[in-house]
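Me: Please take a close look at a single part of this model, the part best described by its strand pairing. I should also like to know how the rest of the structure is laid out around it.

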Amino acid sequence: MKPAVIGMVAILFISLMFILYSKYSGPDLPNSTEHHNADAADEQVEDVPESYVTLKVIMPGDLSARMGDFVENELNDRLKKDLNMKLELTYIPWSNYQQKLELALSTGEDYDLFWYGAPFVSVYYTKGYIQPLDELLDQYGQDLIKHIPDENFKQNRIDEKLWAIPSQAFTSAGKFSSVMVRQDLLEKVNLSEIKTIADLELFFKRMQAIDPSYYGYLETDRGHEMLWRELTDRNYSSLDERMLFMVDEDSGEMLSYVESDVYKKVAQLRESWVNMGIIDKNLVGNPAAKIDQENAGKLLFRVGAVSRAMENLQTARNADPNARLREYYLAKEKPKFITTPSNEAFMITAASENPERAMMFMNWILKNKDNYNFIIYGVEGKDYELENGKIKQLTNDQLIYEWMWRNKDYFLAPASVEDDIIDDMLMNDENSRISKLFGFHFNEASVKNEMAQVMAVYKEKIEPINFGLASYEEYYEDAIAALKKAGFDIVFAELKKQFSEFQLQH
Amino acid sequence: MSRFSIFTKLIATLFILLIPILLLFAVSNRTSTRVLTDEIIKVKQYQIETFANQLDELFFRLDTYKKMLYESTDVRNLAYPDLLDDVLDKYRINRTVSEEINRLAGYGDWKAVIAVLYPRTGIMIKSSSSLNALPKVFPAQDTFWQYYSDPNEDYFMEILSYPENSAESGEAHMRVLLKFGVAALRSALSEFKANGSGDPFLYHPGANPIYNYSVNVNQIDEFLPRLREIDSSMESGYMLLESGKTQFQVHYQKLESLGWYLVDYVPISHIMAPISRNQTMFYVISGMLLFMGAYLAFVMYRNIQIPFRKLIQNMNLIEKGIYSVRMVDKPKGEYRFLYEKFNSMASKIEKLIEDVFKEQLRSKDATLKQLQSQINPHFLYNTLAYIKSMIELSEDKAAISMTMNLSKYYRYTTKTGNKMVKLREELDLVHFYLEIHCMLRDDFEFQIEVEPQMADLEIPRLIVQPLVENVILHSFNNHSEYGMIRIRCWREGFMNHVAVEDTGTGIDYAVIDSIRRKIQSSNEEIESGLKNVHQRLRLMYGGDSGLLLSQSELGGLCVELCWSSREDVS
């Protein structure tokens, strides 16, 4: 009798305990299934921060469908495990990236991290949009230091402080001074390579004869430096993409580009291209339409950017499966200059609530090959495959742009890109020199009113001349007078002053 | 005894205690569940209504952009490039329109592609330069947020043509179009999901639903057939759907701008899970309590009620005089002790009753025998003959003595009122008896020794006389020599001894042993004077009393009465 009673009581007690226990442990079960796809991050576990934060990052372009999916379902799971954070990406379309970005920065919206071109580091530093990164880098960015050359960091140092992470660490000499052509079409019209401006014009003419729907040249805002290589004997580098000032790499002298002789040559050449039809005057004011032409496979050449032949190949092939791209430097024997070893700069906003996490996130990207491939190419087998050490993407949707974080230690060539293009890229920095501009930042604070006026006039009066729409002969006098009236000389004087100070220091 | 057993009462009490609690709990539980459900419905409806309004607002705002562009002079002027022969003017208007479109497209968090199309020149100005930003072919008709499926990305698009109503005839000079990709809607849904709890999606009969990025597609697929039942005139509402074992509240709200439904569902049974778990737990515990109670009652019934009832039954039997009943199947614990005590009580009562009864029988038997011996004609004849001859011989003294002895003997033996007599009186009787026989036979003498403290000891009547009679009858009958009878009474500790010895014919051990066995056998059929004496002593004084047989030092048999004088023994 007695063991039976004890047994009954024990069973009842145990079942009671079980019910109570399951009540408190039951609903939490799903938690355990959350972290299943982080496979190669064991060593990162030790420094996972305690608080869970959302890192807000501004990215250029459009969110691809796969990226939305990837961030939500895979990337954030991984980031939660490794860094106990999630990523919230805000995409701003390319066409008004600068405008919207600066609006967000100036209103102090709570973004943490954003990308932009290296020239903007000094601009945003001046405006107080960004914060210094030295301490954060020391503390959380050891892998960034390891995989990005010291030189690259130097260009983002202002007032002895680091203001941006030069995310790309790759060859960069002569960026935006090459021309990228449709190699397949070039060969189709019996030309093998581009050596001169005349070659480009010939290429256009021969293609027009075959199919008039092709059009010549895309960029009207950039592309001056590309032409300088042939149009002048000197070695010039542009201060920035606003094409107002340039430096003579041999003499180290700061010059006013718009007043120079080479400017006149460029303007006249552009005018002749408008007349020839290489530049389509109907499309000049409509940037989206120009890119449409490229997307449609109708563009013959545009400004190169060291790796653009690789980057744009997929787009070109979407329109024409036989498309091949190649970049050429005019006047090949002239040296190339490294002004900005990395044009890509990641900056942490002054208003950021989680600057440490922003730095940890960047460090995480370059921490190992797994992370790097994961955030750029996605999930192996699902988004990409490796073929003989080359990458083959299974989806056209972009994740984090590869060029943003391109790194010599982790670089994977796309399987579809020919080896000669890869070789061009990897050997691009041969015959290169460090530019006189390297590390120089023009602090516009003291002349910002003048600068604003100059840019307004520049847009209204100089740009039509740049594009070749307005005749240099006819409009230049009026344009340069308006520019000077707006305070061009004051800006130029300030620039020269700062540049000579910079030269004295270095 | 009452009509209900303890078991029934206990169970009834348990039920009476538990049932009101259960009822109360069930009622309160139902109330709280209903309140909570209502609250969830309200909150969820408010949530999706707000979100639907946001989406509507977005689409109406985009529609406003469309109208702004439609009204803009610059935008219209570009439709007639012939009127603008100045290249620079054209560039500037182009740039202005392009900037305007980009500016409009840039407002807000959710991006639409805005474009102005000039069918005559084939020129299009648009806010996005991405591949597949716009479809390759546009519908001929003007539309208002029409849904289109596309391998790249499904989208909503609206188109407005200028001049009005020109689209049908294909003569539009200018068309403003806005495209909103579902990816942006999916992002919006994901964002909404991140802030809320559900799994929102957009639904329109006949089109693929637009999901958020972390959607549970399988779940929604189950709902889709049921969603077709939504009445298209309904603006909003909710329905309850079952899926697997889970119950869902599926809420829907129509988007005025798109005509699609924003649908969100709440796994109501998951939300209610803690409550229903509590409820189940409560019922389980109640069930356990009831079971435990029933079990305890059963244990009590089995361990107390049943043994108790048996005890009462046996008590009744005892009362009716059936003393042979005993408790069997003894339980463990206190009841075992009680049973044992009952059994010993019953057996003691039985024994006592038996003893008394038997003693009465024996004593009657002894009396009977004694009476028989009294009226023994030989004895009477012999004594009377003796008296006559003595008188004839003028031996007056002897005749008187015999007469006196006879008279005292008869007086004593006929005094039957008392069962117990003093040892002295019994020995007096023996004395008279032996005197009589002495006179008659004149071949033996006798001697009585009594320790003084024993003289007043109470003993059963006629307990010594049979022994003496035995000696007279058996020892001296076939004996020619002069005999001797010695009676000794003494005490050792608590034991009293009365020994009757004679000088009669020697007796060997085997005979003594056979007599001893005869005496001690419980066989009722064997009758003898010695056995009678033995049994009476045992009945009166307990187990250690009785008759001892041995060889006497006088040469004959020694028969010894032993009994304990302790009061409690009897």
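**A strand and its setting**

Reply: Of the 506 residues in chain A, 43% count as buried. The model is a predicted one, and chain A contains 20 helices and 18 strands. Among the contacts in chain A with a separation of 6 or more, 76% are between residues 24 or more positions apart.

The part chosen for close inspection is in chain B, namely strand β9 (residues 246-254). Seven of its nine residues are buried, so β9(B) is largely enclosed by the rest of the structure. A residue counts as buried when 20 or more other C-beta atoms lie within 10 Å of its own.

β9(B) has a partner in strand β8 (residues 236-243) of chain B, and the two pair in the antiparallel sense over eight bridges. Within this pairing, Gln247(B) of β9(B) stands opposite Glu242(B). The hairpin of β8(B) and β9(B) has two residues between the strands, and Gly244(B) there takes a positive phi near 60 degrees.

A further pairing joins β9(B) to strand β10 (residues 261-266) of chain B, again antiparallel, through six bridges. Tyr252(B) has Val263(B) in β10(B) as its bridge partner. Six residues lie between the strands in the hairpin of β9(B) and β10(B), where Gly259(B) adopts a positive phi near 80 degrees. As a general matter, side chains in a regular strand alternate between the two faces of the sheet.

Elsewhere in chain B, helix α7(B) has 47 residues and spans 65 Å from its first C-alpha to its last, close to the 69 Å expected at 1.5 Å a residue. This helix carries a kink of about 35 degrees centred on Tyr301(B). Just after α7(B), Gly321(B) has a positive phi of about 100 degrees.

The interface between the chains brings α7(B) in again. Here 36 residues of chain B are in contact with 36 residues of chain A. On the side of chain B that touches chain A, the elements giving two or more residues are α3 (87-106), β2 (123-126), α4 (182-195) and α7 (273-319) of chain B. The most comes from α3(B), with 10 residues. By type, that side of chain B divides into 18 nonpolar, 11 polar and seven charged residues.

Strand pairing in chain A includes an open sheet of four strands in the order β8-β12-β7-β13, with mixed pairing. Its edge strands, β8 (215-217) and β13 (325-328) of chain A, each pair on one side only. From one strand to the next, the twist averages 20 degrees. The parallel pair of β8(A) and strand β12 (residues 299-304) of chain A is joined over two bridges, and Tyr217(A) has Phe301(A) in β12(A) as its bridge partner. Helix α9 (residues 197-210) of chain A lies across β7 (178-182), β8 and β12 of chain A, at about 160 degrees to β12(A).

A single residue of chain A completes the account. Val53(A) belongs to strand β1 (residues 53-60) of chain A. With 16 other C-beta atoms within 10 Å, Val53(A) is partly exposed. Apart from neighbours within four places in sequence, its contacts are Met85(A), Asn354(A) and Arg357(A). Asn84(A) is 31 residues from Val53(A) in sequence, yet the two are 7.0 Å apart in space, C-alpha to C-alpha.

How values were computed
Residues are numbered from 1 along each chain as its sequence is written. Chains are lettered from A and ligands numbered from 1 in the order in which they are written. This is a predicted model: local features need pLDDT of at least 70, side-chain atom pairs count only at pLDDT 80 or more; totals for chains, interfaces and linings use all residues. Two residues are in contact if their C-beta atoms, placed from the backbone, lie within 7 Å. Ala, Val, Leu, Ile, Met, Phe, Trp, Tyr, Cys and Pro count as nonpolar, Asp, Glu, Lys and Arg as charged, and the others, Gly among them, as polar. Two strands pair if DSSP finds at least two bridges between them. Axes are lines fitted to C-alpha atoms, for helices over the stretch in contact, and angles run from 0 to 180 degrees between N-to-C directions. A residue is buried if 20 or more other C-beta atoms lie within 10 Å of its own, exposed if 12 or fewer, and partly exposed in between; C-beta atoms are placed from the backbone. The expected span of a helix is 1.5 Å times one less than its number of residues. The bend at a residue is the angle between axes fitted to the seven residues ending there and the seven starting there.
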